[in-house]
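Here's a quick briefing to read with the structure open beside you. Have a look at the fold below, then we'll walk through its helices and its core.

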Amino acid sequence: MNAQTYGRVIHEWCNATGMQPWATGADMHVEVGDAVVGMLYDEENAPQLLHLYVDLGHVQSYGLHTRLLQHNIALVSPGSGYFALHPEEGNVVYRVSLPLTEQTCGALLPQQLADLIAHARARLFH
């Protein structure tokens, strides 16, 4: 996997959504439904992965910290995602790394992210 594959995924995403393509080295923030997703690609250290940080918002809930830690121990989670708290905002963030391969379809990625967000919210709020 290299930046060319990520570039292809970006162009497929943008062709499907009408967005303007961004540079492969740029950190990108996109809205997927009502969530902001930070997408980071690190060609030097992890060229086969797309790192995602999903902002799930501020959650006021008794036992939140305990639940986050309990969810992080799960062995089966799409993309092996983890919950955290944003160090400055205090919002709940779901961090996941998706493999980027020749089979990754950028046109399908927005829906895959929407499904991932729904799964993360279901885990967090149930």
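A residue counts as buried here when its relative accessible area is under 20%. Keep in mind that this is a predicted model. With that cut-off in hand, the buried residues of helix H1 are Ala3, Thr5, Tyr6, Gly7, Val9, Ile10, Trp13 and Cys14.

**Helix H1**
- H1 (3-17) is one of the elements that give two or more residues to the largest nonpolar core.
- Its 15 residues reach 21 Å from the first C-alpha to the last, close to the 21 Å expected at 1.5 Å a residue.
- What do the buried residues of H1 pack against? Their partners are strands E1, E2 and E3, plus helix H3.
- Just after H1 comes Gly18, which takes a positive phi of about 85 degrees.

**Helix H3**
- H3 runs over residues 109-125, and its 17 residues should span 24 Å at 1.5 Å a residue; the end C-alpha atoms are 24 Å apart, so the two agree.
- On H3, the buried set is Leu109, Pro110, Leu113, Leu116, Ile117, Ala120, Arg123 and Leu124.
- Those buried residues cover an arc of only 140 degrees around the axis, so they sit on the same side of H3.

**Where H1 meets H3**
- The axes of H1 and H3 come within 9 Å and cross at roughly 90 degrees.
- That angle makes H1 roughly perpendicular to H3, because 65 to 115 degrees counts as roughly perpendicular.
- H1 brings Val9, Trp13 and Thr17 to the contact, while H3 brings Leu109, Pro110 and Leu113.

**The nonpolar core**
- The largest nonpolar core has 33 residues, and the ones touching the most other members are Val37, Met39, Leu52, Leu56 and Leu113.
- Elements giving two or more residues to this core are H1, E1 (28-32), E2 (35-40), E3 (49-57), H2 (64-72), E5 (92-99) and H3.
- Which residues does Met39 touch, leaving aside those up to four places away in sequence? The list is Trp13, Trp22, Ala26, Asp27, Met28, Val30, Leu50, His51, Leu52 and Leu113.
- Two names on that Met39 list, Trp13 and Leu113, also turn up in the H1–H3 contact.

**His71 in helix H2**
- His71 has its place in helix H2.
- Is His71 buried or exposed? Its relative accessible area is 17%, and since the buried cut-off is under 20%, His71 is buried.
- Not counting residues up to four places away in sequence, His71 touches Phe83, Arg123 and Leu124.
- Arg123 and Leu124 are also among the buried residues of H3.

Notes
Residues are numbered from 1 along each chain as its sequence is written. This is a predicted model: local features need pLDDT of at least 70, side-chain atom pairs count only at pLDDT 80 or more; totals for chains, interfaces and linings use all residues. Side-chain values use heavy atoms; hydrogens and water are left out. Helices (H or I, at least four residues) and strands (E, at least two) are DSSP runs, numbered from the N terminus. The expected span of a helix is 1.5 Å times one less than its number of residues. Buried means under 20% relative accessible area, exposed over 50%, partly exposed in between (1.4 Å probe, protein chains only). The arc is that of the directions from the helix axis to the C-beta atoms. A nonpolar core is a set of buried Ala, Val, Leu, Ile, Met, Phe, Trp, Tyr and Cys residues joined through side-chain atoms within 4.5 Å. Contact means heavy atoms within 4.5 Å. Axes are lines fitted to C-alpha atoms, for helices over the stretch in contact, and angles run from 0 to 180 degrees between N-to-C directions. Angles under 35 degrees count as roughly parallel, over 145 as roughly antiparallel, 65 to 115 as roughly perpendicular and the rest as oblique.
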